[in-house]
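Let's take a friendly walk through this protein, from its overall build down to single side chains. Keep the structure open as you read.

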Amino acid sequence: PSPPAAGAGAGPVAMAAMEPAAKKPKTEETPEGEAKDADMKEAGAAVEPPKEPEQDAAPRKGAAITGPVSFLAHDTTLNVLQSTANNLLMPLSDGGVQHLLAGARANVGIKKGRYMFEVKIVENQNVLDTHVQQGRALPAKHLARIGFATSPSHLVLGETPDSICFDTQGSVVHNRTRTKAGQKVWKDCVLAAVLNIDEQSPNCNTVSFFRDGERLCPPQRLPEGLKGKALYPAVTFKSCTVHVHFGPEPLAPLPFKCHMVGAAASADVALAKAEAPPDGKFDVLFPVGLPDEGTFDWLDAFLEKHPTYTEISDRMILDWAEKSGIWRPKGYGPTSRTSNDKPEMNFGIRDLDDLSVQRVLHEVAPLHQRHYVVMEVKGSLIKEERKTLLSRFAMPWFRKVAHVAVGEPDAAWTQRAHQLILKQKQDASDKAFELQKLERARKAMIDKARKQLEKDKRRAEKKAEREAKKRKLEEEKAKAAEEKGEAAEGEKKDGDEKKAAEEEEAKKPEDEEKEDEDEEEEEEPAK
């Protein structure tokens, strides 16, 4: 309707008619989609995030360590290049060394309490793998591991019983055993490792791993062989540059407060010190011995007593390659090599098979100020090769020493040799026993399978026999029913015939009477 004219004196009713109608309150149900969204929001609000098992750390007791946490020269592999500050580590990337894992162990070990440190991959190196497959070179994998190890452990984490770590592939690694525990980690992520050996904590003797402050996996139990020992932060990496951060404050804060290794209490840690030689010269030891006369056994005993010495030999390269996960067609067992002094490489990788790694290591080793044992049994016995070996360590901070291991051994060495022989016999006996156990288990499995087959065969025969009896019984029943039906049909037929005969006999008198009546009727007209 048209609005009233001006001056028509529109009253309250008319004004109310002009105003838009007030919206009715919604009393009907919301649409199904909106209701579903509301239910999901309520459910999301009801679900609580998983509770963090670790609690905030109490204030540190006692004085903190004063010196910086760093990596000593003898606690790094020969392919590690270390910055002068801030613990930036880079591996060598040429001459076949790019195939080998680099490792470093810090100089501060945790004896008690709960402490953490961090590792960040700041650069991935574009290194080509010269191991050609199907006619093309594959880029080397970028790998980093973060964890803890004992002091005399191997520098490659996770490959021995005395270390545990988390790698960027998302696995916890211990003694060459990988357990999937979390997601993969890439460049620019901050990895954190938390070691908890606080006896007052419910998570004592565990290690936890975090990425950018978020937990990657539940607390992992320490192996029994690592409990009660000082554990040192360690890192292993390949084809990447890593920054190892020890504090005092974390790069990526965790969900709980945790002290860092760099701010640890002095009473909670063990310090590994670099003992500088009194005269400032590091020893380069050249053992002189006869082939196959226990020279490498002597070397093993020497390295056990002097862990700060670094071995340089082809045997060391084979062991390094094995712990780096490089596949070798013949394997790495004792029977896979004909010599410890000059074993065949046979990796199928050019830079490793053509001895490029040896040349690179001999060029790099003199640049590090550390003690060495250059194990060349043949080279130390030949004058020309011995001169070449000595010329590589012409730096003023080296002292070259020849250690002659020839002649009658002392009582300690004889005892160790007997222990080694006994250990070899025991290992062989254990191996034979394990093989016998496996053979017995195999025979038992075969016997069990044979008995099961016989049992199944007997069961199948009995079943077939029962089915045959059942079929025979059914056939007999069917035959009997058929014979009974035929007999009944025969009896019925005989009864029908008898009945028909009786009816026929009954009809004869009637027919005779009718014939007589007909004859009488014919005689009537005739009369």
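## Before we start

Helices here are DSSP runs of H or I with at least four residues, numbered from the N terminus. The model you are looking at is predicted.

## The overall build

The protein has 527 residues, of which 36% count as buried. Its secondary structure comes to nine helices and 23 strands. If you look at contacts with a separation of 6 or more, 71% of them join residues 24 or more positions apart. The exposed surface comes to about 33,400 Å², and carbon and sulfur atoms supply 54% of that area.

## Salt bridges along helix 9

Helix 9 covers residues 411–526, and it is a good place to look for charge pairs. Side chains of opposite charge can pair when their charged atoms come close. Start with Asp-427, which forms a salt bridge with Lys-423, their closest N and O atoms being 3.0 Å apart. Both residues lie in helix 9, four residues apart, or about one turn of the helix. An α-helix has 3.6 residues a turn, so residues three or four places apart point the same way. Asp-427 is partly exposed at 37% relative accessible area, and Lys-423 is also partly exposed, at 49%.

Further along, Arg-442 bridges to Glu-439, with 2.4 Å between the closest N and O atoms. These two are separated by about one helical turn, because they sit three residues apart in helix 9. Arg-442 counts as partly exposed at 42%, as does Glu-439 at 30%. Next come Arg-450 and Asp-447, whose side chains meet in a salt bridge of 2.3 Å, N to O. Here too the spacing is three residues within helix 9, so about one helical turn lies between them. Arg-450 has a relative accessible area of 39% and Asp-447 one of 26%, which makes Asp-447 partly exposed.

## Charge pairs in the whole structure

How many salt bridges does a search of the whole structure find? The count is 24. Some residues are linked in a network of salt bridges: Arg-145, Glu-159, Arg-176 and Glu-322.

## Two surface patches

Lys-455, Arg-458, Arg-459, Lys-462, Lys-463 and Arg-466 form a positive patch on the surface. One of its members, Lys-462, lies in helix 9. Lys-462 counts as exposed because its relative accessible area is 52%, and the cut-off for exposed is over 50%.

A nonpolar surface patch is made by Leu-290, Leu-381, Val-404 and Val-406, which together have about 360 Å² of accessible area. Leu-290 belongs to the loop between strand 20 (282–288) and helix 3 (295–305). At 44% relative accessibility, Leu-290 is partly exposed.

## Buried spots

Which residues of helix 6 are buried? In this helix, residues 356–364, they are Ser-356, Val-357, Gln-358, Leu-361, His-362 and Val-364. Their cover includes strand 21 (309–312), helix 4 (314–323) and helix 5 (350–353).

Is Ser-171, in strand 11 (residues 171–174), buried or exposed? Ser-171 is buried, with a relative accessible area of 7%. Leaving aside residues up to four places away in sequence, Ser-171 touches Cys-165, Phe-166, Arg-178, Thr-179, Lys-180 and Ala-181.

Finally, find Lys-238 in strand 17 (residues 232–238). Lys-238 counts as buried at 16% relative accessibility. Its C-alpha atom is 7.3 Å from that of Gln-98, although 140 residues separate the two along the chain.

How values were computed. Residues numbered from 1 in each chain as written. Predicted model: local features only at pLDDT ≥ 70, side-chain atom pairs only at ≥ 80, totals over all residues. Heavy atoms only, no water. Patch = residues over 30% accessible without salt bridge, like charges linked within 9 Å, V, L, I, M, F, W, Y side chains within 5 Å. Areas by Shrake-Rupley, 256 points an atom, 1.4 Å probe, with all protein chains shown as cover. Salt bridge = Lys/Arg side-chain N within 4 Å of Asp/Glu carboxyl O. Lys, Arg positive; Asp, Glu negative; His and termini not counted. Charge placed at Lys NZ, Arg CZ, Asp CG, Glu CD. Buried < 20%, exposed > 50% of the residue type's maximum accessible area, 1.4 Å probe, protein only. Contact = heavy atoms within 4.5 Å.
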